[in-house]
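Dear colleague,

I am handing over the structure we spoke about, which you will find just below. Please look through it once before you read my notes, since they follow the chain by element and residue name.

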Amino acid sequence: MAGKAVPNAIFKNGNNIPMIGLGTWNSPPGQVAQAVKDAIDVGYRHIDCAHVYQNEHEVGEGIAAKIAEGVVKREDLFVTSKLWNTFHRPDLVEGACRITLKNLKLDYLDLYLIHWPVGYKEGSELFPMGPDGKKFLFSDVDYVDTWPEMEKLVDGGLVRNIGLSNFNTKQMQRILDVARIAPVTNQIECHPYLHQSKITSFGATKGLIITAYSPLASPARPWVKADDPVLLDDETVVQMAKKHGKTTAQILIRYQIQQGNVVIPKSVTKERIVSNFDVFNFQLDDSDMKQLASLERNGRICPESSAFGHPHHPFEKDE
């Protein structure tokens, strides 16, 4: 399977992005570099990162190792990262990007996203807390003022494409209203328990591709509760997996691809990295797609609840 060609999605600007990538959120420290190396060996050419994951230096090690071995060249890879909430102030954007590039050992990013529309208080703390230790300290910077600095990263050659993450429809439109360089994607949580159809259909009308994170509903998320439903064990998905001779994870990944979404399943286990990639030799039929669509329950895994009350919180108001 190594080196197997992955279909690309095409951004509105004509640039390509591989339809499947390796997610690195919540990957255990010390295991990320090997996961990246395993993924590249399997055939992944798209790696999704973020400053806040605090593992970009490990991602960089993995990428550098495979380039040094001659397995890939830099131009073969598509690397995404994200501007964290404490760097929304215009004068901080370029510096934040350069920190990411240094950690990744790269000269440029293929895609850089504003991670959330909410800004946090500037400083060294990723999650700055108030004296009560319960509420985040917010920044009053408007993400609309952050966007021109993202555009300058493209102008300067540090970034090839720019986009959004966790933005609702009104927030997407606010960016589009001021954009000289339009966002190419909105990376959002997307799986059969949370389709976010309003955002995906709006994105389609505006030429933004959806990148689906947590396509398996992140069963290992740190805040999972014992009685939370497990999408991978959903009987509809289990029966569909039996029907196609596939794993439930493969069904869920294939579902995103057939909707035209880029998908970034996370794993550090080699067997799962291999398995998650093996989704291009079967097709879900119309009945399958309808059954998976019927599982909608607005089951949001990543509500960013600690930032409730922020004027730019994307999920508190109508999306």
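What follows is a short account of what was found in the sheet, the core and one helix.

Please keep in mind throughout that this is a predicted model.

I begin with the sheet, which is open and has 8 strands in the order E3-E4-E5-E6-E7-E8-E9-E10, with parallel pairing. Strand E3 (22–23) and strand E10 (262–263) stand at its edges, and because each has a single partner strand, one side of each is left without a neighbour in the sheet.

Further inside that order, strand E6 (residues 111–114) runs parallel to strand E7 (residues 162–165), and 3 bridges join the two. One of the pairings that can be followed by eye is that of Ile114, whose bridge partner in E7 is Leu164.

Strand E9 (residues 209–213) deserves a careful look, since 5 of its 5 residues are buried, so that the strand is largely enclosed by the rest of the structure. The burial holds for both faces, with Ile209, Thr211 and Tyr213 buried on one side and Ile210 and Ala212 buried on the other. Towards strand E8 (residues 185–189), E9 pairs in the parallel sense over 5 bridges, and within this pairing Asn186 has Ile210 in E9 as its bridge partner. Between these two strands the chain passes through helix H6 (residues 197–206), and this β-α-β crossover from E8 to E9 is right-handed. E9 also pairs with E10, again in the parallel sense, over 2 bridges, where Ala212 stands opposite Val263 in E10.

Turning to the core, the largest nonpolar core has 94 residues, and Tyr112 and Met150 are those with the most contacts inside it. Leaving aside residues up to four places away in sequence, Tyr112 touches a set of residues that includes Leu83, Ala96, Cys97, Met150, Leu153, Val159 and Ile162, and among the others are Ser81, Lys82 and Asn161. As general background, nonpolar side chains in soluble globular proteins tend to be buried together.

Finally, is Gln250, which lies in helix H8 (residues 248–258), buried or exposed? Its relative accessibility is 6%, and because buried means under 20%, Gln250 counts as buried. The side chain of Gln250 reaches the backbone nitrogen of Thr247 at 2.8 Å, and, not counting residues up to four places away in sequence, Gln250 touches Ser275, Asp278, Val279 and Phe282.

With best wishes

Key
Residues are numbered from 1 along each chain as its sequence is written. This is a predicted model: local features need pLDDT of at least 70, side-chain atom pairs count only at pLDDT 80 or more; totals for chains, interfaces and linings use all residues. Side-chain values use heavy atoms; hydrogens and water are left out. A nonpolar core is a set of buried Ala, Val, Leu, Ile, Met, Phe, Trp, Tyr and Cys residues joined through side-chain atoms within 4.5 Å. Buried means under 20% relative accessible area, exposed over 50%, partly exposed in between (1.4 Å probe, protein chains only). Contact means heavy atoms within 4.5 Å. Two strands pair if DSSP finds at least two bridges between them. Helices (H or I, at least four residues) and strands (E, at least two) are DSSP runs, numbered from the N terminus. A polar contact is a pair of N or O atoms within 3.5 Å; within protein, one must be able to donate a hydrogen and the other to accept it, and residues adjacent in sequence count only if both atoms are side-chain atoms. A crossover is right-handed if, with the strands pointing away from the viewer, the path from the first strand over the helix to the second runs clockwise.
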